[in-house]
Amino acid sequence: VQLQASGGGLVQAGGSLRLSCAASARTFSNYAMNWFRQAPGKEREFVAAINWNGGITYYADSVKGRFTISRDNTYNTAYLQMNGLKPEDTAIYYCAAVLGYSIKSTDMDYWGKGTLVTVSS
């Protein structure tokens, strides 16, 4: 499975961005999808997860209420809608796929290359 994340960019604090993660495989619906991020000088951290059919979602406390993860299995794509962005959200955002369900980065089966989100104050 190849994953391609897109949608990053520069936005002012309080603004919004929508990240997309396009998957190559027709078996996309077999995988739970996750978003992680890595800020400069920091370790990669979990952001959000969604199960295979979108019925279960889970968020890091730092983004709960501001970010929404979703997916469209018809188009083999997962999304991360980010509202109320803060400078501390600045990071490279990665999408990842896991067979079954997990939020641990070490469990992920496939990773996208990442897309940079920069939030200015």
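Is tyrosine 58 buried, partly exposed or exposed, and what is its relative accessibility? In this predicted model, tyrosine 58 has a relative accessibility of 41%, so it counts as partly exposed, because that class lies between the cut-offs of 20% and 50%.

Let's stay with this residue for a moment. Tyrosine 58 belongs to strand S6, which covers residues 57-59. Together with Ile56 and Tyr101, Tyr58 makes up a nonpolar patch on the surface. The accessible area of these three side-chain neighbours, Ile56, Tyr58 and Tyr101, comes to about 300 Å² together.

Now for a strand with another setting, S9. Strand S9 runs over residues 91-99, and seven of its nine residues are buried, so the rest of the structure largely encloses it.

Which strands does S9 pair with? S4 is one of its partners, S11 is another, and S10 also pairs with S9. The table sets out these pairings, each with a residue pair that goes with it.

| Partner of S9 | Sense and bridges | Residue pair |
|---|---|---|
| S4 (residues 31-38) | antiparallel, eight bridges | tryptophan 35 and cysteine 95 |
| S11 (residues 115-120) | antiparallel, three bridges | valine 117 and alanine 91 |
| S10 (residues 110-111) | antiparallel, two bridges | tyrosine 110 and alanine 97 |

To read the pairs in words: cysteine 95 in S9 is the bridge partner of tryptophan 35, alanine 91 stands opposite valine 117 in S11, and tyrosine 110 in S10 is the bridge partner of alanine 97. As you look along the strands, keep in mind that side chains in a regular strand alternate between the two faces of the sheet.

Terms used:
Residues are numbered from 1 along each chain as its sequence is written. This is a predicted model: local features need pLDDT of at least 70, side-chain atom pairs count only at pLDDT 80 or more; totals for chains, interfaces and linings use all residues. Side-chain values use heavy atoms; hydrogens and water are left out. Patches are made of residues with over 30% relative accessible area and no salt bridge: like charges are joined within 9 Å, nonpolar side chains (Val, Leu, Ile, Met, Phe, Trp, Tyr) within 5 Å. Accessible areas come from the Shrake-Rupley method with a 1.4 Å probe; for residues, only the protein chains shown count as cover. A salt bridge is a side-chain nitrogen of Lys or Arg within 4 Å of a carboxyl oxygen of Asp or Glu. Helices (H or I, at least four residues) and strands (E, at least two) are DSSP runs, numbered from the N terminus. Buried means under 20% relative accessible area, exposed over 50%, partly exposed in between (1.4 Å probe, protein chains only). Two strands pair if DSSP finds at least two bridges between them.
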